Structures are given as C-alpha cells and as structure tokens.
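Dear colleague,

I am handing over the structure below, and after it I set out what was found. Please read the notes alongside the coordinates.

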Amino acid sequence: MTNRETPEGYVALDATTVCGFAEPYLPGGVTGSEEIGDGNVNLVFRVRGASRSVIVKQALPWLRCVGRAWPLTLDRARIEAAALKLQDSLVPGSVPALLDFDPVRRAMVLEDLRGHVVLRRGMLKQERYPTAFGSLGAFAARTLLGTSFLVCPASERRELALGFHNPELCAITEELVFTAPFTSAPSNSVRPSLEPAAARLREDRAVARAAAALRHAFRTRAEAIVHGDLHTGSVMVTPTDTRVIDPEFAFPGPMAFDPGKLLGNLALSYLSHEAQGHGAYALWVASQAEVFWEAFADAFRRAWPRREPGREGFLLGLLQASAGYAGACMCRRVVGLAGVADLRELEEGPRLRAEEKALVGGAALLTARPVGSRTDLWELAVGTG
Ligand code: SR1
Ligand code: MG
C-alpha cells in the first residue's frame, strides 16, 4: 500500500461515531462528544465519559483547512503517534499521554488536557506563563540533541530516519514556508493595503536567494528528528505545565528549524501586542524569547557529549540558522496560506502596522550577516536595533 491509499476499513469519524470508537477508553460509558479542532490539518474530538474525557485526533485523507482539493497522506497520523512516543521518552511528561493509536482509522486516543489552553490563545489575551518558554527551550534541546548524530547511535538513527520519512508534510512546509511567500503563489493571501509591502518582499532578490538556500537545507540536512511545527499554536499550557502537541510534521531535518519557528512566532506576538499598544505585555514576550534561548542553550550544553569538541561553535551555528528559519516563518504567516490569529484578528490599523514590520523583520533575518547573539536576532526580528 502506498502512503496515498486509504486502508480498508478507514472511515472519517463524526461526533456520533467517535463515541463508539472512544468507548473502550471511557469506563462507565460515553456521555457526549464534540468536534473541537481549530487547526489546519486534522479532525479533533473531545469525548466525555462518566469520570473522564479523552481526545480523539484523526487524520483525514486531505488537508482540513483546504478540503478535498489538497489530498494528503494518512500516514501523518502514524508519524504523529510515533513522534509523541519518542518525545515522551526523551522528555517525559512534555507531551499529552498517547493512550492508543488505531492504524486503520488513523486515529489517536490522547489524554484530554482540560485545564490547559493553547499558548497562542492565552498570549492573545495577554496571559503570562512563567514556566512555558523555559520548558520549551529544554524540550527543543533535548529532543533535537537526543535524536542527533551527536548523541544517538547510528543504528537507531537509521531506524528513526525510516520511521519519520514524511515527504508530503515536508512538501507543505517547503511550499508554504520557503517558496510561496516570496512569489505570487495563488495560495497567498494579501490584502490590498499590504500589497506594497508584499511586493517589496517578492521583488527582493537577496530574500529569494536566502529562502531558496533555507529550503535546500530543510530538504537535505537530516540532523535530528525535528518537531517540524513548533509554534505557539502547537503548545498547551497552564501556569505550571507545558505540553507540546501536533508533531505530525516531524521528520529528519535541520535542528535549527524548531527553535527558529518558535522564535519567529514569538516575534509575531511581540509585533502584534506592540501595534495594539500593549507595551508591557510586548516586553514580557521579548523577555520570553530570551528565556527560551537561554533554556535551550543550557539544556543543550548539559546534553552535549563530554568528549566532543566544538560545543559553543555548534550552538552559535544553530542560533544563526534559527534566525533564517524565524525570518521565513514570520513572512509566511503574513502573506501566505494559514496566517496566525496574532495578526489576522487585529483591526486594520494595528494589523497593517504589525504585518509591515513583520515583513521587514522577516526579510532582515533572512538576509542579514550571521547574527552574533540572541539579542542581535531579536533586534532584527522586531526592529528595535
Ligand atoms: C496548510 S497547513 C498550514 C500550516 O498548518 C500547520 O500549523 C503548519 O504550520 C502548516 O504549514
Ligand atoms: Mg498543528
């Protein structure tokens, strides 16, 4: 069976049929269900029982936010389940518990993180999460280093490379992050007021060259098993707990992609709050970029093999590569398919100010000389240099 074929017995669940599917995990019977997914890719249900609830997440044979016009491999559900297991083994308790995976329905049964909220949603409301970004830095460092050639034995890496072969989801990233935003792709979405800034981005040859080089690195640098979509919408939090979700984009890729994506999304949050006049909250967001990178560097240093030389140079190289990925991620969320609520939910005036600055910051990160520190990266991203 190729990755594109639907397995015999596969049917898309709905709010009724998911109850029967989830019954074995809800002792005492099912009391109700609802579809709660607001992501771009899959179906997500909450199924309630007498004493607890579970989440059922199912892959559809197409991309949820586009529909049947964009067919997509169901194999992503297997990859997501495998990634959750791998991440939990490397950083216990950092992801929702995987209770089961049904390979026919391509559906996972997951712990329901009822008291948690999606980090992006909380940040839109100016909520502060004192432990989130430290945990995310440690999560990124330990999952990346733990699956890299520096720590992971060659035989295991071969297995990981085979198990996380994820060409279709990588193709989405190649198109939506590294290609479309820098061309006039039909999938882009640009309001007339933003068109002059979007045109400047499209016409910038240095930006186009930098994005193409990153796309090449993304395709070819199989350094570690990356999460592949580590933005603030892929994290659920309480003030004291952080869980990373949605690793269906996981694949053997460049280590800097994860920290780059997270830092780019933090910069978008900063620009959004700055444009709305939320100065104090914007400063908190800026401080969390620092917390994230310091926690990343700290966990990275601890996990680095003792006898291996070159640790600090490697870390600096990761920061420099992260800057480029952050820049591409900023641009794609402004002009591409699948924008972020941080920008799309603003009124026109602040939205335009934030989006124009995001394109300038994204282009600066893509084209600047290698950054020398995390402060350099942040100043380029948000224009405070
Ligand atoms: C079309 S899928 C759009 C985006 O959703 C996910 O969060 C990934 O970032 C993907 O690029
Ligand atoms: Mg997602």
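Contact here means heavy atoms within 4.5 Å. The model is a predicted one, in which local features need pLDDT of at least 70 and side-chain atom pairs count only at pLDDT 80 or more, while totals for chains, interfaces and linings use all residues. Residues are numbered from 1 along each chain as its sequence is written, chains are lettered from A and ligands numbered from 1 in the order in which they are written, and side-chain values use heavy atoms, with hydrogens and water left out.

I begin with two strand residues. I55 sits in strand 3 (helices, H or I, of at least four residues and strands, E, of at least two are DSSP runs numbered from the N terminus), and it counts as buried at 10% relative accessibility (buried is under 20% relative accessible area, exposed over 50%, and partly exposed in between, with a 1.4 Å probe and protein chains only). Not counting residues up to four places away in sequence, I55 touches I36, V44, F45, R46, M108, V109, L110, E111 and D112. From C-alpha to C-alpha, I55 and A22 are 8.7 Å apart in space, although 33 residues separate them in sequence.

M236, in strand 10 (residues 235–237), is likewise buried, at 17% relative accessibility. Its C-alpha lies 5.5 Å from that of L119, 117 residues away in sequence, and, with residues up to four places away again set aside, M236 touches L113, H116, V117, V118, D241, T242, R243 and I245.

Next, the nonpolar interior. The largest nonpolar core (a set of buried Ala, Val, Leu, Ile, Met, Phe, Trp, Tyr and Cys residues joined through side-chain atoms within 4.5 Å) has 92 residues, of which F133, F296 and F300 touch the most other members. Another core, of 18 residues, lies apart from it and has V18, F21, V56 and A107 among its members.

Now the open and enclosed spaces, for which a 1 Å grid is laid over the protein atoms alone: a cavity is a set of points where a 1.4 Å probe fits but cannot get out, a pocket is an open set with protein on both sides within 12 Å along at least five of seven lines, and lining residues have an atom within 4 Å of a point. Grid points are joined across faces, edges and corners, and a volume is the space filled by probe spheres set on the points.

The largest pocket holds about 1200 Å³ of space, and of the 49 residues that line it, D38, G39, G233, I245 and D246 are the closest to its centre. Helix 6 gives the most to this lining, with 4 residues.

Of cavities of 30 Å³ or more there are 4, and the largest has a volume of about 50 Å³. Its lining is made up of A83, L86, Q87, L90, T143, T147, I225, V226 and H227, with the largest share, 4 residues, coming from helix 2.

T147, one of these lining residues, is found in the loop between helix 4 (132–146) and helix 5 (154–163), and is buried, with a relative accessible area of 4%. Its side chain makes two polar contacts (pairs of N or O atoms within 3.5 Å; within protein, one must be able to donate a hydrogen and the other to accept it, and residues adjacent in sequence count only if both atoms are side-chain atoms): the side chain of T147 reaches the backbone oxygen of T143 at 2.8 Å and the backbone nitrogen of I225 at 2.9 Å.

With best wishes
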